[in-house]
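The questions below ask why certain terms apply to this structure. Each answer sets a value against a definition.

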Protein chains: 2
Amino acid sequence: MKPQDAYTELKKRMRETALLGSTASILYWDQQAYLPKKAEDHRAEQLGQLSRLDHEWFTDTKVGDWLSAIEDSDLVADPESEVAVNVREWRRLYDREVKLPVEFVEEFAIAGSKGHGIWSEARKKSDFSIFAPHLEKLVELCRRKADLIGFRTERYDALLDEFEPRVKSAEIENVFAGLRKDLVALVAKIADAPRRPNIDVIHQPFDLDRQRIFAESVGAAFGFDHLAGRFDPAQHPSCNALGPHDMRILTRYYPNDLAEGLTAATHEVGHALYDLTQTDKTHWGTPMYETASLGIHESQSRMWENMVGRSRPFWVHFFPQMQRLFPEQLAEATVDDLYGAFNWVKPSLIRVEADEATYNLHIMLRFEIERAIIAGDIAIKDIPGEWNSRFKTYLGIDVERDADGCLQDIHWSDGSFGYFPTYALGNMYAAQYWAQAQKDLPGLADDHAAGNFDRLRGWLSEKIHRQGFKYDAADLCERVTGAKLSHQPLLDYLYAKYEEIYGITRA
Amino acid sequence: MKPQDAYTELKKRMRETALLGSTASILYWDQQAYLPKKAEDHRAEQLGQLSRLDHEWFTDTKVGDWLSAIEDSDLVADPESEVAVNVREWRRLYDREVKLPVEFVEEFAIAGSKGHGIWSEARKKSDFSIFAPHLEKLVELCRRKADLIGFRTERYDALLDEFEPRVKSAEIENVFAGLRKDLVALVAKIADAPRRPNIDVIHQPFDLDRQRIFAESVGAAFGFDHLAGRFDPAQHPSCNALGPHDMRILTRYYPNDLAEGLTAATHEVGHALYDLTQTDKTHWGTPMYETASLGIHESQSRMWENMVGRSRPFWVHFFPQMQRLFPEQLAEATVDDLYGAFNWVKPSLIRVEADEATYNLHIMLRFEIERAIIAGDIAIKDIPGEWNSRFKTYLGIDVERDADGCLQDIHWSDGSFGYFPTYALGNMYAAQYWAQAQKDLPGLADDHAAGNFDRLRGWLSEKIHRQGFKYDAADLCERVTGAKLSHQPLLDYLYAKYEEIYGITRA
């Protein structure tokens, strides 16, 4: 077969699998938002069927033949060309997937889907024993998956690779070690800070529907296209790509807290913008369209949530709108009150509600625990105890309910081990990109204070989103910022902000 | 292959297609309720892919071989056995489907899916010219479909067969002719009635959310299980079966009308109860679980909407609840005011808002027009004119906007020609079953006045829902009521009610 014909066939096949995958995404979105309790088993069967089909199509020996025909040809001479990039990544995924028997893939998908309902109930009742037997099964499946895929030094690497391609857990351990030391010092300084913002201003009764209206209008200002997506309510915030023009954000709002709902919404909008500003839709369904890693994707959500959404310029622009929506609650408040309250730093129980200083400590804890679970060094029954004792060490807090501890996150419920570290990597990438954006786009703070986010969105689109998977995460970082990933930009960013708000000094 | 093994394989295959079909239903439900505008093309591609797969699986020559192996065996000796019923209906569908090339099936599905958005826009702007080119294409596809499937006397029969198996349009024409004559006479009597109810009581401002709460609580009283389904808002009411325990009702409420939202909701609950009380879920995905025809399914929705939901006993029970929700609007109202207003009869423009007396005239008009379109006797461009002139003849009203005329219904937008007559058949079946239920269940009115709908629901479950497709619609009717379908029970029912409310006399 001619290489060009092989590529045509290959691309057609891959777009078919991507199309089917986007159908699975609708089922998964619905499961998080709307699925009735009694329909959970049927949903698991549906997802299992789609996983099986996807796997069969993707691992067809013809796919291997097409790949080989192209890999030996001039079509891949330029490593940055569409063909070379797509073939490189499809090969990686193909070699990974063919090692998994189809029965295993279906079993994993069904177990993962069923896990959502079981976890959800366990969390509601704060009863780990409800979740434990299913988690045991999921961990066993993950270990089998790692064994099937293969690994050099530890099983966890095989799982991590799904979310952060070509990154090893030892590397993450290293970069986390440096970050941890500096973050612990920062958190300690803030605990003894000469001044603190007033958190009470955002802890008043706030009408849920008006919170929603505000968050969705901020989304529109950032560039979220309400004709190519929508917001729905769910227990756990997320952004679901159901198609090239169909980004579904799930959020929730709290009646006595102005920050949690809004920051979750701006976070998910950041994810959505990744796809929405990936303007070359002809690449949809191929690596040229996709992100290099979840860490890179997360860098975008964190940037919009934190670097933009918790910035002073943001509140300069949005404070009057917020005040008009909540005239009684915010009658006496100022821009700096909101800016300060949204940057309240205090160790707390819930990851998704954590401030920027302590957030990464939540991640490190999860990374260590899940790595040890997969290694077999922590038994399922010991998870709550391990969680709680480490939490006390890292964040100085006693966990009293597992719902606020090891049951708080959705990830393990569908077998997503290896996902958590991408959050902390995302924070570091975000800060490094943000520092670069300040250099490349002079006057950006003035734009934001005027409610204009076009230049930043355009810069991100060009520098990151439209690059697709042309480069690995590490390479992309170097190309955009001229430097390897480091935790220093994150520290610089945090100190600049907290020196202003808390009156601390770095030296 | 042994017949028993063939049946095992066949059933497995058919359940796989049913599982995939339930995934397509989610996509279709989402399309009606939530799909963003720009995602319509992608959704069409997704549905096209699933249609193609379903068709490939269903028309596999192995399916034909399995069917043949069973048909020649003792397994089908008892025509009412599971095997005989399933094989009989799968054979009918198989023989139909194998005549359709897969490319045609996918093209039809994509055109049908795209039609929704185009129709929706045309309706919003009340501009038939927006919809006409796409409708032209859909009609052409329907005619091709009929030619591929084959027919004896007219193309329309091949389409009708999909919704009312083994029924011919000439039969429908006959039964409609008798009904039309009697309905026209009834409507004329009501126009000259000695007294009329007061419609103003339900045409006041009614909070949408409280209307929704009331309708959903009525659904729960009827037996709708909110753990196995949910209600969502949409432009067009519908009931979507996404799985054996997952009934999704779509409804809408109007700010100045108490009847439209509630009656649409009770109607869709009637459809949902069909599935929800089909208690033997092991049959899910096979004809033993399914309805004999859409007319039979519709009989259930009409019974709960009309025979129950517009009855005096219903309002005896629910009036106090309604009054508590709307104390200002209903301060002076009585049970009979609500009962009368919900049975207001007056020719009107919109089918789904029509009263019980005029409703079937809306259907007959559609049946005649769509039959003539498929026969080639009415050109696409002439549809609005034909619609409006016939509407004037049948209902005495001038249609001023196509949105209130030929653009009002969703059905043609996805190529569902042959669907409309099932509504009028449903009304007739409903009345005939209802008359039988009165005989079999003495004191039913007292149950309903006490808010207890269990006996009726149980009777319907046993007599109809749990019969699945054991019998054809016509046979089922005779078995349950001891008589062939007739329009007399509907007339009897309507006169009994309208004599009471309007003071008319039948003789």
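The exchanges below go through the copies, their contact, the domains, the sheets and one residue.

Q: What kind of model is this, and how are its parts numbered?
A: This is a predicted model, in which local features need pLDDT of at least 70 and side-chain atom pairs count only at pLDDT 80 or more, while totals for chains, interfaces and linings use all residues. Residues are numbered from 1 along each chain as its sequence is written, and chains are lettered from A and ligands numbered from 1 in the order in which they are written.

Q: What turn and what shift lay chain A on chain B?
A: Copies are superposed by least squares on the C-alpha atoms of residues with pLDDT of at least 70 in both. A turn of 180 degrees with a shift of 0.0 Å along the axis lays chain A on chain B, and the RMSD is 0.0 Å. The two copies are therefore related as by a two-fold rotation axis. The same surface serves both copies, since 100% of the contact residues of chain A recur in chain B.

Q: How many residues does each chain bring to the contact?
A: Two residues are in contact if their C-beta atoms, placed from the backbone, lie within 7 Å. By that rule the contact takes 24 residues from chain A and 25 residues from chain B.

Q: Which elements give two or more residues to the side of chain A that touches chain B?
A: Helices (H or I, at least four residues) and strands (E, at least two) are DSSP runs, numbered from the N terminus. The elements in question are helix H1 (3-33), helix H2 (40-59) and strand E1 (229-233) of chain A. H1(A) gives the most to this side, with seven residues.

Q: How do the residues of the side of chain A that touches chain B divide?
A: Ala, Val, Leu, Ile, Met, Phe, Trp, Tyr, Cys and Pro count as nonpolar, Asp, Glu, Lys and Arg as charged, and the others, Gly among them, as polar. The side of chain A that touches chain B divides into 10 nonpolar, eight polar and six charged residues.

Q: What are the domains of chain A?
A: Domain bounds come from an automatic or database domain assignment. For chain A it gives domain 1 (3-150) and domain 2 (169-502). The C-alpha centres of domain 1 of chain A and domain 2 of chain A lie 26 Å apart. Their contact takes 40 residues from domain 1 of chain A and 34 residues from domain 2 of chain A.

Q: Which helix gives the most to the side of domain 1 of chain A that touches domain 2 of chain A?
A: H1(A) does, with 12 residues. That side of domain 1 of chain A divides into 22 nonpolar, 10 polar and eight charged residues.

Q: What makes the pairing in the sheet of chain A mixed?
A: Two strands pair if DSSP finds at least two bridges between them. Three strands of chain A form an open sheet in the order E1-E3-E2, with mixed pairing. E1(A) and strand E3 (residues 247-251) of chain A pair in the parallel sense over five bridges, and Asp232(A) stands opposite Leu250(A) in E3(A). E2(A) and E3(A) pair in the antiparallel sense over four bridges, with Asn240(A) opposite Arg248(A) in E3(A). E2(A) and E3(A) also form a hairpin with five residues between them.

Q: Why do strand E1 (229-233) and strand E2 (238-241) of chain B stand at the edges?
A: In chain B the order is again E1-E3-E2 in an open sheet. E1 and E2 of chain B each have a single partner strand, so one side of each is left without a neighbour in the sheet. Four bridges join E2(B) to strand E3 (residues 247-251) of chain B, and the two run antiparallel. In E3(B), Arg248(B) is the bridge partner of Asn240(B).

Q: Why is Ala437(B) called partly exposed?
A: A residue is buried if 20 or more other C-beta atoms lie within 10 Å of its own, exposed if 12 or fewer, and partly exposed in between; C-beta atoms are placed from the backbone. Ala437(B) has 19 other C-beta atoms within 10 Å, so Ala437(B) is partly exposed. Ala437(B) is found in helix H16 (residues 421-440) of chain B. Not counting residues up to four places away in sequence, Ala437(B) touches Leu444(B), Leu456(B) and Trp459(B).
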